Amino acid sequence: MQPLHPPRTPSTGLILTGGGARAAYQVGVLQAIAQLRREAGLSGGNPFPIIAGTSAGAINAATLACEADDFGAAVGGLMRIWRNLHAEQVYTADALGVIRSGARWLTMMSLGWALARWRRSRPKSLLDNAPLAELLRRSVRFERMDAMLQQGHLEALAISGSSYSSGQHVTFYQARGRLDPWQRSQRLAVRAPLSVEHLMASSAIPFIFPAVPLQLGSRPEWFGDGSMRQSAPISPAVHLGAERVLVIGAGRMHEPPGRRETPEAGGPPSLAQIAGHAMSNIFLDALAVDIERLQRINSTLALLTPEARRATPLRPIEVLVIAPSRRLDELAAEHQASLPTPVRALLRGVGVSGEGRQASGSALASYLLFEPSYTRELIRLGIADTLARRAEVLRFFGWRAEPTAAQPRLTEA
């Protein structure tokens, strides 16, 4: 009799998308997954051998990858950071810093034709995110990456950025074993040792944070947020070998029918409204389209005969998407007053004002609200949304919860 072998576990990929402060929601989802994993009697190790992150999601992805020998501890570290994060740890938020960056930037927008003749003033962005670089150097232990790969705790980490210099979308990756780079129209992959600079480039929200130079081939190019021109957010994980993927979004994937009224609905849109709309396009729309594309491919493959499936390079990819059940701009509206006073004053100039039902420009604020009152709400929402789909999550991973008298209530702690 042939010995029985347990079924092989499909290689699981994790996709963490962009969204500035909205990425705190991802940490809530990961916290719930870590708890469900413990309830299934699993500890240590890493349920995601392939991790791909973009923008603020790249920061969370890199943290998980560098601590891949203990998923629970890695999530605990992310929880401590995001629950206690303040804006001044991400960008210069004092009055002098705001004047040096944002106020000068807005002034150049309006009076640049005059100032440029007498002063060499070329502000790079609305906000200066130098504090974020310091936070990342203290928090993300890239020196552990090689060990995590060599010891088999991790197969690959991918971080995506968008080149202002060439117009290409680039996925930088580190991997275990031989995984050749790939290239598609306007996007390519580059194998490289990853660093804090890659995180800073991937999370450089356009106009808000400055571009970052990264070496590409024989010359440096200037990079911005990886969500720009990212037509296929799930693609890097699939190219790196993922056979099923968990996608954690940073915004609602489907809006309820009907007209949504906002305080600005009666007049022309403010700059903040336009910026928030543009950011939704950058951070959310490509993911929804890519998920639909993946589901169509899966449906088509299911119709083919086994012989026809073997003849195509395409393969079905199981996907589970967890995304916020609330509009995060509405949630941000409840916390806009938490922004530092100089930042509120700066953003008021482009249309961000008020709080709660009277708030305007909250879509833009939702990406910049790095304050505990907001990030903790996002974490709680991520936990609740994941637990509401407990059965789906357990089925996706193939976990069985240990029988207990009552399921413990999950908290942020």
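## A polar contact to start from

A polar contact here is a pair of N or O atoms within 3.5 Å; within protein, one must be able to donate a hydrogen and the other to accept it. In this predicted model, the side chain of Asp225 makes such a contact with the backbone nitrogen of Ser227, at 2.8 Å.

## The annotated pair

Asp225 also appears in the UniProt record: an unreviewed entry lists Ser55 and Asp225 under "active site". The two are spread over 171 residues of sequence, yet they cluster in space, with a largest C-alpha distance of 5.7 Å. From this set, Ser55 is part of the lining of the largest cavity.

## Around Ser55

Let's look at the serine. Ser55 sits in the loop between β2 (50-54) and α2 (56-66). Is Ser55 buried or exposed? Ser55 counts as buried because its relative accessibility is 1%, and the cut-off for buried is under 20%.

Leaving out residues up to four places away in sequence, Ser55 touches Gly18, Gly19, Ser202, Ser203, Asp225, Ser227 and Phe283. Asp225, the other listed residue, is thus one of the contacts of Ser55.

## Around Asp225

Now for the aspartate. Asp225 is found in the loop between β8 (219-224) and α8 (235-239). With a relative accessibility of 0%, Asp225 counts as buried.

Which residues does Asp225 touch, not counting those up to four places away in sequence? They are Ser55, Ser162, Ala201, Ser202, Ser203, Ala204, Ile205, Pro206 and Phe283. Ser202, Ser203 and Phe283 are among the residues that touch Ser55, and these three touch Asp225 too.

Terms used:
Residues numbered from 1 in each chain as written. Predicted model: local features only at pLDDT ≥ 70, side-chain atom pairs only at ≥ 80, totals over all residues. Heavy atoms only, no water. UniProt positions renumbered as here; feature names shortened; annotations may be inferred. 1 Å grid on protein atoms, 1.4 Å probe; cavity = no way out; pocket = protein on both sides within 12 Å on 5 of 7 lines; lining within 4 Å. Helix = DSSP H or I, 4+ residues; strand = E, 2+ residues; numbered from the N terminus. Buried < 20%, exposed > 50% of the residue type's maximum accessible area, 1.4 Å probe, protein only. Contact = heavy atoms within 4.5 Å.
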